Structure formats: C-alpha cells, structure tokens
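Reader: Please take me through the classifications assigned to this model, setting each value against its definition.

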Amino acid sequence: MSSFNTIFFSLIGGILPALLWLWFWLKEDRLHPEPKSRILIVFLVGMAAVFLVLPLEKFVFLATSSNISLFTIILWASIEELTKYVVAYFAVLRKRVVDEPIDAIIYMITIALGFSALENALFLFNIIDGGLFTQSIITGNSRFLGATLLHVASSAAIGVMMGLSYYQKPLVKKLFLLAGICVSILLHTTFNLLIIKLENNLFFIFAGIWVLIVLLLVLIEKVKKINP
C-alpha cells in the first residue's frame, strides 16, 4: 500500500469514529449549542496536543531507563490529562463562550476526541504500514470502543467538576478542578494498568468503560440542572 493510501486510511480510521462520538456528545448540549467553528477549533487543538505529549512521554520512557513501571504509567497518564486540560484552557475554557456549567464538559470531551482521533490514526498507521490492513479494522473498532471512550471519560471528569462548581467561589472552583484532574489521571492510569494485566480479557475492561460512560451521562444531567 502506498504511503498516501496508508496515511489516508489511517486518518479516516482515526478521525471518523471520533467525529461520530463528537456528534453523539454534542446532542447533550442541544438547548444552547456551542458555535460549530469553536468546536472545530477545539477538536483540532486536541489533535495538535498529541505532538506535545509524544516527546514528553518519550523523555519519561528514556529517563526511566526504558522500563515501563507503575511510576512510568502514572507519569504518562498525568502528561496526557494535564496536556489536554492546559490546551483546552488556553483554547476555550478561559473565554466567555463558556457561559453555562455544561460547556466545560462539552469542550473537554471535544479536546479528548480530537486527541484520540490523531492518537488512533498514528496507531493505525503503524499497523497498516506493516501490511496488516484487516488487523487495522479490528484494532480500529477496539479503540473506538475502548481507548477513545477512556479519553472521553477521563477528560470529562475534569469538565464535570468544573461544571458542578461553576457558580461557586474561586477557591471552591480550584479545589473541584484539582479533584477532577486527580480523578482523570486515576482513571487513565487504571485503564493502562488493566490493559497490561488483562490483555486477554478486554471485555471486562470495555465493560468498565461503558459503566463510566453511563455514569458520565447521569452526571451531565445533574450539571444541566445546576442554577445560579
């Protein structure tokens, strides 16, 4: 397969599923939808964040003597979740467009899906480039159900805490934000550990992620009901 076709199918396999999930989550904010142009920008910023994360994770890997320990996994999860939050903050969270509690959730999910889209595309590129096109379809479906939703759940944890504290005092907002970041890192670290420990029992991991998604939907409904 030519390099162009490899890149094309990798991007399609990574971005299209993410856009389908984005369409699903945007329906949660259909009463006061965010500007489509802003959503697109935030999605692209999420994709660009991958290029910030990769060298940092490589540095951690080399600094820990190329040993994938628990400490390494925690650092990788921390890098990804903190990077997604920081780019979201500068791209949108500090702007006036975030004018209701649910907006932080929507934008954090959008950042996560953009990040996941390019991450999955790079993952698929390595498989397709090795001539394993059929395997890439299976892998793409697995990441559609697993890794992508993990990114959504972990980043949304930050958005939920921001939404719950939207009308609170600055100190309370900071405490909720810190709690959200800690939860997001914990979720991401747990997922990565389970992938390593239960690589032959992915059903249980995916089932756990779907439980998180159901919980997220419940929390979103709670945030929607928050009044000044």
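Reader: Why does tyrosine 85 count as buried or exposed?

Author: The model is predicted, so local features need pLDDT of at least 70 and side-chain atom pairs count only at pLDDT 80 or more, while totals for chains, interfaces and linings use all residues. Residues are numbered from 1 along each chain as its sequence is written, and side-chain values use heavy atoms, with hydrogens and water left out. Tyrosine 85 has 14% relative accessibility and therefore counts as buried (under 20% relative accessible area; exposed is over 50% and partly exposed in between, with a 1.4 Å probe and protein chains only). Tyrosine 89, at 33%, is partly exposed.

Reader: What makes the pair of tyrosine 85 and tyrosine 89 tilted?

Author: Rings of Phe, Tyr and Trp (its six-membered ring) pair if their centres lie within 6.5 Å; planes under 30 degrees apart are stacked, over 60 edge-to-face, and the rest tilted. Here the centres are 6.3 Å apart and the planes stand at 35°, so the pair is tilted.

Reader: How is the pair of tryptophan 21 and tryptophan 210 classified?

Author: That pair is also tilted, with 6.0 Å centre to centre and 55° between the planes. Tryptophan 21 lies in helix H1 (residues 3–26) and tryptophan 210 in helix H8 (residues 202–224), so the pair ties together parts that are 189 residues apart in sequence.

Reader: Why is H2 called roughly antiparallel to H3?

Author: The axes of H2 (residues 36–63) and H3 (residues 70–93) come within 9 Å and cross at roughly 150°. That angle makes H2 roughly antiparallel to H3 (over 145 degrees; under 35 is roughly parallel, 65 to 115 roughly perpendicular and the rest oblique).

Notes:
Axes fitted to C-alpha atoms, helices over the stretch in contact; angles between N-to-C directions. Helix = DSSP H or I, 4+ residues; strand = E, 2+ residues; numbered from the N terminus.
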